[in-house]
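Work through the exercises below with the structure open beside you. Each one sets a task and then walks through a solution step by step.

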Amino acid sequence: MRIDGAVALITGASTGIGAAIAVDLARRGAHVLLVARNAEALEERVADIRGRGGRADSFTADVGDQEQVAALGAAVREQVGVPDVVVNNAGAGRWLYLDETEPSELETMTAVPYTAALLVTREFLPDMLARRSGWIVTINSPVSRMTWPGATGYAGARWALRGLTAALRQDLRGTGVGVSEVVPGKVLSDYFANNPGAEDRIPKIDALMPAQTPEQVAAAVALAVARERREVLLPWPLKVADLAGRFTPRLLEKVVALTGHRR
Ligand SMILES: NC(=O)c1ccc[n+]([C@@H]2O[C@H](COP(=O)([O-])OP(=O)(O)OC[C@H]3O[C@@H](n4cnc5c(N)ncnc54)[C@H](OP(=O)(O)O)[C@@H]3O)[C@@H](O)[C@H]2O)c1
């Protein structure tokens, strides 16, 4: 899909990976629509992109909430039009064992990313299908390829997101609408500050995978959209781990367990 001239909506764009994706796509000529809950942070991002000569607008919404996503859809259609690209990036969730997690926290860590990706994609899909063009990107975690201990709700939501991506890929065959999944290893964003304790539970196998910057992930998203790639994993050792998991799943499971958190 051509990025130059496209309208690209990015969830979770007030900070971290989403903010970098917005800057990158705007630099490549897209009109970017930044969505998150923190209106002030969004406005700062929009001003920054406009200051660099890009086209950007912000929309404040909790993307895990049905009514707010419906209102977001109406506002986007009225003010800008149907997005050509939707990047489902908003995500949160501490890494906790199931018995450590309060039900309310299980709900929020499922709402973003999983429910949000369902709702936001559903909101814009009919227009994309009618137009027979569109591209959907999901940003996922390596836990959807190599499950580690001590992050039950987080892992379940990311496997659900992977399932959603696979289901959409099947549903959308031949419709002109496509889907990519971008899976970065550890990224140097505020994720671990925003979700305390998670960093201590990264399995030691992660030492083989250099941390990525949000800008590197943003470049991977642009590549996925421009070349219509079904899947982009980065850095390359993560691709190797993913391949190993496909051929020898139990071996990878054991290595991750041995290098992962224990209580
Ligand atoms: N950092 C990593 O190492 C890493 C690695 C692989 C995958 N990922 C995934 O990439 C995604 C983004 O992570 P990040 O590192 O950029 O994290 P981050 O810096 O914590 O940013 C999270 C973004 O999501 C938004 N958000 C959270 N809940 C929301 C809600 N209910 N509605 C709307 N927006 C919401 C936040 O904005 P507001 O607070 O303003 O709403 C923020 O913009 C997550 O799904 C994460 O799991 C991260």
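**Exercise 1. Find the polar atoms of the protein that face the ligand, and state which ligand atom each of them meets.**

Solution. Begin with D62 in this predicted model, where an N or O atom of the side chain lies 2.9 Å from a nitrogen atom of the ligand. Turn next to I17, whose contribution comes from the backbone: a polar backbone atom of I17 is 2.8 Å from an oxygen atom of the ligand. Finish with N89, where a backbone N or O atom is found 3.4 Å from an oxygen atom of the ligand. As for the cover that the protein provides, the ligand taken alone exposes 880 Å², and the protein buries 93% of that area.

**Exercise 2. Describe the site that holds the ligand, and say which helices supply its surroundings.**

Solution. The first step is to locate the site, and the ligand turns out to sit in the largest pocket. The second step is to look at the residues around the ligand, of which there are 30, with S14, R37, R158, V187 and S189 coming nearest. The third step is to ask which helices supply at least two residues each of this shell. They are α1 (residues 16–27), α5 (residues 152–171) and α6 (residues 191–194). The largest share, three residues, comes from α6.

**Exercise 3. Take the salt bridges R2–D4, R77–D127 and R246–E231, and work out for each pair where its partners lie or how exposed they are.**

Solution. The principle behind this exercise is that side chains of opposite charge can pair when their charged atoms come close. In total the structure holds 17 salt bridges.

Step one concerns R2 and D4, which form a salt bridge in which the closest N and O atoms are 3.7 Å apart. R2 counts as exposed because its relative accessibility is 64%, and the cut-off for that class is over 50%. D4, with a relative accessible area of 44%, is partly exposed.

Step two concerns R77 and D127, whose side chains meet in a salt bridge with an N to O distance of 3.2 Å. This pair links distant parts of the chain, since R77 belongs to helix α3 (residues 66–79) and D127 to helix α4 (residues 103–131), with their positions 50 residues apart in the sequence. R77 is partly exposed at 31% relative accessible area, and D127 is likewise partly exposed, at 25%.

Step three concerns R246 and E231, where the side chains meet in a salt bridge at 3.2 Å from N to O. R246 lies in helix α8 (residues 236–247) and E231 in strand β7 (residues 231–234), so the pair ties together parts that are 15 residues apart in sequence. R246 is partly exposed, with a relative accessible area of 46%, and E231 is partly exposed as well, with 27%. The pair also belongs to a network of salt bridges that links R145, E181, E231, D242 and R246.

**Exercise 4. Locate the cis peptide bonds before P113 and P235, and place each proline in its element.**

Solution. Start with the bond from V112 to P113, which is cis with omega near 25 degrees; P113 itself lies in helix α4. Then move to the cis peptide bond that joins L234 and P235, where omega is about 0 degrees. P235 is placed in the loop between β7 and α8.

**Exercise 5. Examine the positive phi angles of R132 and E228, and decide whether each residue is exposed or partly exposed.**

Solution. For R132, a residue other than glycine, phi is positive and near 55 degrees. R132 is found in the loop between α4 and β5 (residues 134–139), and with a relative accessible area of 51% it is exposed. For E228, also a residue other than glycine, phi is positive and near 50 degrees. E228 has its place in the loop between α7 (residues 214–226) and β7, and its relative accessibility of 43% makes it partly exposed.

**Exercise 6. Place E100 and state how far its C-alpha atom is from that of T152.**

Solution. E100 is found in the loop between β4 (residues 85–88) and α4, and at 34% relative accessibility E100 counts as partly exposed. Although E100 and T152 are 52 residues apart along the chain, their C-alpha atoms are separated by 9.6 Å.

Conventions
Residues numbered from 1 in each chain as written. Predicted model: local features only at pLDDT ≥ 70, side-chain atom pairs only at ≥ 80, totals over all residues. Heavy atoms only, no water. Salt bridge = Lys/Arg side-chain N within 4 Å of Asp/Glu carboxyl O. Buried < 20%, exposed > 50% of the residue type's maximum accessible area, 1.4 Å probe, protein only. Helix = DSSP H or I, 4+ residues; strand = E, 2+ residues; numbered from the N terminus. Near = heavy atom within 4 Å. Polar contact = N/O pair within 3.5 Å; in protein donor to acceptor, adjacent residues only side chain to side chain. Areas by Shrake-Rupley, 256 points an atom, 1.4 Å probe, with all protein chains shown as cover. 1 Å grid on protein atoms, 1.4 Å probe; cavity = no way out; pocket = protein on both sides within 12 Å on 5 of 7 lines; lining within 4 Å. Sits in = over half its atoms within 2 Å of the grid points.
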